[in-house]
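Reader: I have a structure to look at and some questions about its charged side chains and one helix. Could you take me through them?

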Amino acid sequence: MTINLPDRPVIDSEDAAARATPPPPGPPRSRRVRRSSGPFRILGVPLIWIWACFNVFLLLWVILTAFRNGSEIFTDPFQLPRSLDPKNFTDAWSASDLGSGFMNSVIVVAVSSLTVIALSAPAAYVLSRGTRRSGELITMAFVAGMGIPMQAVIIPVFVWMQNISTYMYDTFGWWDERISLYLIYVASSLPFTVYLLTGFFRSLPRELEEAAALDGCSSFRTFRVVMLPLARPGIVTALILLVISLWNETLLALVLITETEKYTLPQALLGLYGTMQYTSNWGGLFAGIVIVVLPIIAVYIWLGRRIVEGLTLGVGK
């Protein structure tokens with residue numbers, strides 16, 4: 001008995017190799033990211049929106065109230081102003097030397113912030129690339145300096161600056177209290193700025209420095225030409241935070257500056273409060289608050305995105 005078996009297909013060796021080889025990996029399938037719907041997210045997001053809307057409402061209310069007079073503010077505080085007359089702003093600018101206080105703040109804050117960045121960037125770069133144990137100790141010293149409140153050392157700072165001013169008067173016959181404020185601003189701002197920039201420089205790749213060294217660049221030129229441009233987001237972040245903190249600083253200015261024409265803007269605003277309290281020009285007081293607050297809000301709107309970029313650029317590297 002003959003059994004006829006079906007013919008087997010002839011398989012070429014190339015076809016067999018093609019079937020044995022797994023297909024190349026294609027583009028990953030898009031997976032739908034499932035967001036967490038825990039109680040913190042359910043309660044936190046509405047609370048954040050409520051808090052943000054509340055602050056925006058307060059800002060708009062202060063701006064609109066700056067265009068009203070004192071009697072209207074107390075009789076109907078939430079009524080819109082009848083006109084946008086800038087008289088309160090001109091009164092606030094001329095009263096209590098608010099204009100000179102604004103210029104003093106601009107000069108002191110700008111010079112102090114740039115000095116802090118100029119000193120902190122090289123120091124942070126050296127500490128981030130150092131391999132000695134002394135570098136870690138110095139970094140920890142800067143971190144410890146961040147935890148010392150200014151209120152705890154205000155008396156030694158005052159005595160120290162009085163001694164410096166007395167020595168300068170006796171030696172050169174001249175000294176400016178704003179220089180004392182500038183020195184303390186720089187000294188008190190260095191710990192946080194060095195700590196912030198040290199972490200940012202550590203996130204930058206070392207291969208770029210090695211490539212620059214192979215091209216014959218010195219350490220200083222490598223820092224200036226290669227690493228400093230890469231650290232621009234972190235430097236801009238540190239600069240914004242410095243400007244915001246120094247612009248609103250009041251305690252050191254009250255302790256170190258005694259002459260009216262050298263007052264900073266927060267000091268001038270306190271003087272404006274006393275003046276408007278006796279004249280009942282509360283609209284002028286609100287106009288002074290707007291003059292103090294709006295520059296910082298404008299800077300934050302202009303460069304606020306750089307803060308998030310600078311703080312998160314090195315994450316995951």
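Reader: How far apart, N to O, are the side chains of Lys262 and Glu259 in their salt bridge?

Author: This is a predicted model, in which local features need pLDDT of at least 70, side-chain atom pairs count only at pLDDT 80 or more, and totals for chains, interfaces and linings use all residues. Residues are numbered from 1 along each chain as its sequence is written, and side-chain values use heavy atoms, with hydrogens and water left out. A salt bridge here is a side-chain nitrogen of Lys or Arg within 4 Å of a carboxyl oxygen of Asp or Glu. For Lys262 and Glu259 the N to O value is 3.3 Å.

Reader: Which residues are joined with Lys262 into one network?

Author: Lys262 also meets Asp176 in a salt bridge, at 3.5 Å from N to O. Salt bridges that share partners make the network, and its members are Asp176, Arg178, Glu259 and Lys262.

Reader: Is Lys262 buried or exposed?

Author: Buried means under 20% relative accessible area, exposed over 50%, and partly exposed in between (1.4 Å probe, protein chains only). Glu259, at 28%, is partly exposed. Lys262 has a relative accessible area of 11%, so the word for Lys262 is buried.

Reader: What distance should helix α11 span?

Author: Helices are DSSP runs of H or I with at least four residues, numbered from the N terminus. The expected span is 1.5 Å times one less than the number of residues. Helix α11 has 16 residues (232-247), and its end C-alpha atoms are 22 Å apart, which agrees with the expected span of 22 Å.

Note on methods. Helices (H or I, at least four residues) and strands (E, at least two) are DSSP runs, numbered from the N terminus.
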